[in-house]
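Welcome, and please bring the model up in your viewer. We will go from stop to stop, with something to select at each one.

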Amino acid sequence: MPDPATPTDSFKRATAATLRSLAERDDVTVTYAAEPPGLSGTKARLPLPPRDLPAETAAQIRGAADSMALRLRLHDAEIHARRLPAGEQARAVFEAVEQARVEAIGANAMVGVAENLAANLQERYRRQGFDRMAAERREQALPEVVRLLAREAMTGAVPPPAARRAVDSWRPELEGKLARDLVGLSRLMGDQDAYARATRQLIRDLDLELGETEGDSESGEDEGEDGKQQSPDVESPSEMPGAEGMRGEAESVPADAEGAEDAGESDEKAAEPMPGAEDESGTPGRPGVRKRHDFDAEPSTYRAYATEFDEVVEAEALCDPDELTRLRSLLDQQLAHMQGMIARLANRLQRRLMARQRRSWEFDREEGLLDSARLSRVVTNPMQPLSYKVEKDTEFRDTVVTLLIDNSGSMRGRPISVA
């Protein structure tokens, strides 16, 4: 007889089954790993549950599963890609507010899902250190703050304790700008396209750059004479909407090729000087002609323009020793399965460095190592003495390796862990 399943195994099977049922899709693959949760296509990765599995941790894992299931069921990737802004900060806000929409629909329909989602958000913001976020990192929290304000408007749920400090720091500034937009979102949450258009208006009210996207060509349908959106009010559904017409990709889809091309053309147009403008040398600029800077031609001329405004902050000032120890332990857990890959990369780097070490020899010595390349001389001329070689003493240079790690928003999740 096979061994009976452990409570942890039963929990993992039940959570995976619930995810597929809530998403109304049986093609979802669920795995568990010691990494933050993630969704890629139909592959869902959930945190690995511990053996003791306290109730709080179980709720957090269920919340991550519910969030992914609602995304799969209620999110249309085609609509999302069509309305997605090109600006980096605007895109982050758009993604966050769309995730708030799908989670709000599920939370309003099922009390248990609402509790699980709240536990998952609390753990997420605690892990990201929102409760200890310094003032200079305030701008980085804007997308998540807008998400929580939208969640509050659509469900009435207050922000989780871990993010309450960040939300309170932004609330006085955002409530005046976004009060009308947030009310509109709560009415449009059942219609993703109308909701996306309202989100773009919210981003405009935040004074963020939207950039050129495919959705901009439809501005005639979306905007009235005053530039405000004239979308019809759509009441939020009282129950979970069906999966028909709302199935989409699991993760946020980047802007399509046409949107990216439009954004590139917009950037080029913005870089062109206005007629009559003058460049730095005082020469009148020509319309449609940009001044080119070839820094590679004279690399020695590059220098920092000014350094008096630079600020250097030591790592000790950003994180106390206890928090650093906790974060290091968490990182070690997440990287346990990557040790083999890290060892291969280290060996490859070592071989590259050693390949630059040159060995040299002195030939025709009276003693040392026998020079096999010159043994033919003994056959052709027996009177010729044997030739030996001695390796020269080479002073190898010290090597300094610099690692530059990109820690921008595009590196979130597995990429920054690998880096």
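## The whole chain

Start with everything shown: of the 419 residues in the protein chain, 33% are buried. Please keep in mind that this is a predicted model. Colour by secondary structure and you will find 15 helices and six strands in the protein chain. Now turn to contacts between residues at least 6 apart in sequence: 65% of them join residues at least 24 apart.

## Stop one: α2 against α5

Select residues 55-74, which form helix α2, together with residues 111-128, which form helix α5. Their axes are 7 Å apart, and the two helices pack at an angle of about 105 degrees. An angle from 65 to 115 degrees counts as roughly perpendicular, and α2 and α5 are therefore roughly perpendicular to each other.

Show side chains next. On the α2 side, pick Ala59, Gln60, Arg62, Gly63, Ala64, Asp66, Ser67 and Leu70; they meet Val113, Asn116, Leu117, Ala119, Asn120 and Glu123 in α5. Sorted by class, the residues of this contact between α2 and α5 are six nonpolar, five polar and three charged.

## Stop two: the second largest pocket

Keep α2 and α5 in view and add α12, residues 321-334: each of these three helices supplies at least two residues of the lining of the second largest pocket. The volume of this pocket is about 550 Å³. Which residues lie nearest the centre of the second largest pocket? Select Pro47, Glu123, Arg127, Leu330 and Gln333, and you have them, out of a lining of 23 residues. Glu123 is worth a label here, as this residue of α5 also belongs to the contact with α2. The lining of the pocket comprises 11 nonpolar, six polar and six charged residues.

## Stop three: the loop before α12

Step back along the chain to Cys319, in the loop between α11 (315-318) and α12. Leaving aside neighbours within four places in sequence, Cys319 is in contact with Leu324 and Leu327. Now add Arg132 and draw a distance between the two C-alpha atoms: Cys319 and Arg132 are 9.1 Å apart in space, yet 187 residues apart in sequence.

## Stop four: α4 against α5

Return to α5 and select α4, residues 88-109. How do the axes of α4 and α5 cross, and within what distance do they come? They cross at roughly 135 degrees and come within 5 Å. α4 and α5 are therefore oblique to each other.

For the side chains, take Glu103, Gly106, Ala107 and Ala109 from α4; these meet Val111, Val113, Ala114, Leu117 and Leu121 in α5. The contact of α4 with α5 divides into seven nonpolar residues, one polar and one charged. Val113 and Leu117 deserve a second look, since they appear in this contact with α4 and also in the contact with α2.

## Stop five: a cavity by α4 and α8

The structure holds four cavities of 30 Å³ or more, and our choice is the second largest, with a volume of about 40 Å³. To see its lining, select His80, Phe94, Val97, Glu98, Gln192, Tyr195, Ala196 and Thr199. Two elements, α4 and α8 (192-205), give two or more residues each to this lining. Which element gives the largest share of the lining? That is α8, with four residues. In terms of class, the lining has four nonpolar, three polar and one charged residue.

## Stop six: α7 beside α8

Stay with α8 and add helix α7, residues 161-188: the two pack at an angle of about 170 degrees, with their axes 9 Å apart. Angles over 145 degrees count as roughly antiparallel, and α7 and α8 are therefore roughly antiparallel to each other.

Lys177, Leu178, Asp181, Leu182, Leu185 and Leu188 in α7 meet Ala194, Tyr195, Ala198, Thr199, Gln201, Leu202 and Asp205 in α8. This contact has eight nonpolar, two polar and three charged residues. Tyr195 and Thr199 take part in it, and both also line the cavity of the previous stop.

## Last stop: two backbone angles

Most residues other than glycine have a negative phi. Select Asp207, in the loop between α8 and α9 (219-222): its phi is near 65 degrees, a positive value. Asp207 is exposed, with a relative accessible area of 62%. Finish at Leu53, in the loop between β3 (43-47) and α2, where phi is also positive, near 50 degrees.

Definitions and conventions. Residues numbered from 1 in each chain as written. Predicted model: local features only at pLDDT ≥ 70, side-chain atom pairs only at ≥ 80, totals over all residues. Heavy atoms only, no water. 1 Å grid on protein atoms, 1.4 Å probe; cavity = no way out; pocket = protein on both sides within 12 Å on 5 of 7 lines; lining within 4 Å. Points joined across faces, edges and corners; volume = space filled by probe spheres on them. Nonpolar A, V, L, I, M, F, W, Y, C, P; charged D, E, K, R; others polar. Axes fitted to C-alpha atoms, helices over the stretch in contact; angles between N-to-C directions. Parallel < 35°, antiparallel > 145°, perpendicular 65-115°, else oblique. Contact = heavy atoms within 4.5 Å. Buried < 20%, exposed > 50% of the residue type's maximum accessible area, 1.4 Å probe, protein only.
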